[in-house]
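Welcome! Take a moment to look over the sequence and the model, and then let us walk through them together.

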Amino acid sequence: MSLYDDIGGAPAIRTAVTVFYHRVTADEALAPWFAAVDLDRLMAHQRAFLTVALGGPDLFSGRSMSGAHAGLAITDDAFDAVTEHLAYALLDVGLAHTQVAEIVAGLQPLRAQVVESANANA
């Protein structure tokens, strides 16, 4: 059985993503990145991403991680804050701390595809 099944599948993912985006958009440091974004579309992508990340069916279609975040000037601090909000959202839907830690660790390799290097424009 996968983490996806353990937490209750699609309904739990939907709840986690909703909690996650409430947290992210309420965070004054992160809100500007989401101000002009179609949140319904973004939430659908996040649900698909989390479904795959937690061992559920592969529902994702769309741009690559680096393509989706190119030009957004995302910083390491922003990446860390988003990851923290996601961790709390996953805890809220019933994942154990050890499971959340494993997922957060699994997201770290994506940092290079999301964060824009300070030297990229130099």
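## A word before we start

Two residues are said to be in contact when they have heavy atoms within 4.5 Å of each other. With that in mind, here is how this chain is put together: among its contacts with a separation of 6 or more, 71% join residues 24 or more positions apart. Please remember throughout that the model is predicted.

## The overall fold

What kinds of secondary structure does the protein chain have? The chain has eight helices and zero strands. Following the sequence from start to end, you would read the pattern α-α-α-α-α-α-α-α. The radius of gyration is 14 Å, close to the 14 Å that the globule rule gives for 122 residues, so the chain is as compact as a globular protein of that length.

If you lay the C-alpha trace along its principal axes, it spans about 50 × 25 × 25 Å. Buried residues account for 36% of the 122 residues. As for the outside, the accessible surface comes to about 7,100 Å², and carbon and sulfur atoms hold 56% of it.

## The largest pocket

Now turn to the largest pocket, whose volume is about 950 Å³. Its lining is made up of 30 residues, and the closest to the centre are Tyr-21, Leu-42, Gln-46, Met-65 and His-69.

Which helix gives the most to this lining? That is α4, with six residues. At least two lining residues come from each of α2 (10-26), α3 (31-34), α4 (39-53), α5 (65-69) and α6 (76-92). Sorted by character, the lining of the largest pocket holds 21 nonpolar residues, six polar ones and three charged ones.

## A histidine in helix α6

Let us visit some single residues, beginning with His-85, which sits in helix α6. Is His-85 buried or exposed? Buried means under 20% relative accessible area. His-85 has 11% relative accessibility, so it counts as buried.

Setting aside neighbours within four places in sequence, His-85 is in contact with Phe-20, Arg-23, Val-24, Asp-27 and Leu-30. You can also compare His-85 with Leu-50: they are 35 residues apart along the chain, and their C-alpha atoms are separated by 14 Å.

## The loop between α5 and α6

Two residues of interest share this stretch of chain. Ala-73 is found in the loop between α5 and α6, and Thr-75 is in the loop between α5 and α6 as well. Ala-73 has a positive phi of about 55°, although it is not a glycine.

How much of each residue is open to the surroundings? A residue is partly exposed when its relative accessible area is between the 20% limit for buried and the 50% limit for exposed. Ala-73 has a value of 41%, so it is partly exposed. Thr-75 has 37% and is therefore partly exposed too.

Leaving out residues up to four places away in sequence, Ala-73 touches Trp-33 and Glu-116. With neighbours within four places likewise left out, Thr-75 is in contact with Trp-33 and Val-115. Some C-alpha distances help you find your way around here. Ala-73 and Val-24 are 49 residues apart in sequence and 17 Å apart in space. For Thr-75 and Ala-35, the separation is 40 residues in sequence and 17 Å in space.

## The loop between α6 and α7

Our last stop is Ala-96, which lies in the loop between α6 and α7 (97-107). Its relative accessibility is 34%, so Ala-96 counts as partly exposed.

How far from Ile-7 is Ala-96, in sequence and in space? The two are 89 residues apart in sequence, and 9.8 Å apart in space from C-alpha to C-alpha.

Terms used
Residues are numbered from 1 along each chain as its sequence is written. This is a predicted model: local features need pLDDT of at least 70, side-chain atom pairs count only at pLDDT 80 or more; totals for chains, interfaces and linings use all residues. Side-chain values use heavy atoms; hydrogens and water are left out. On a 1 Å grid over the protein atoms alone, a cavity is a set of points where a 1.4 Å probe fits but cannot get out, and a pocket is an open set with protein on both sides within 12 Å along at least five of seven lines; lining residues have an atom within 4 Å of a point. Grid points are joined across faces, edges and corners, and a volume is the space filled by probe spheres set on the points. Helices (H or I, at least four residues) and strands (E, at least two) are DSSP runs, numbered from the N terminus. Ala, Val, Leu, Ile, Met, Phe, Trp, Tyr, Cys and Pro count as nonpolar, Asp, Glu, Lys and Arg as charged, and the others, Gly among them, as polar. The radius of gyration is taken over C-alpha atoms; the globule rule is 2.2 Å times the number of residues to the power 0.38. Buried means under 20% relative accessible area, exposed over 50%, partly exposed in between (1.4 Å probe, protein chains only). Accessible areas come from the Shrake-Rupley method with a 1.4 Å probe; for residues, only the protein chains shown count as cover.
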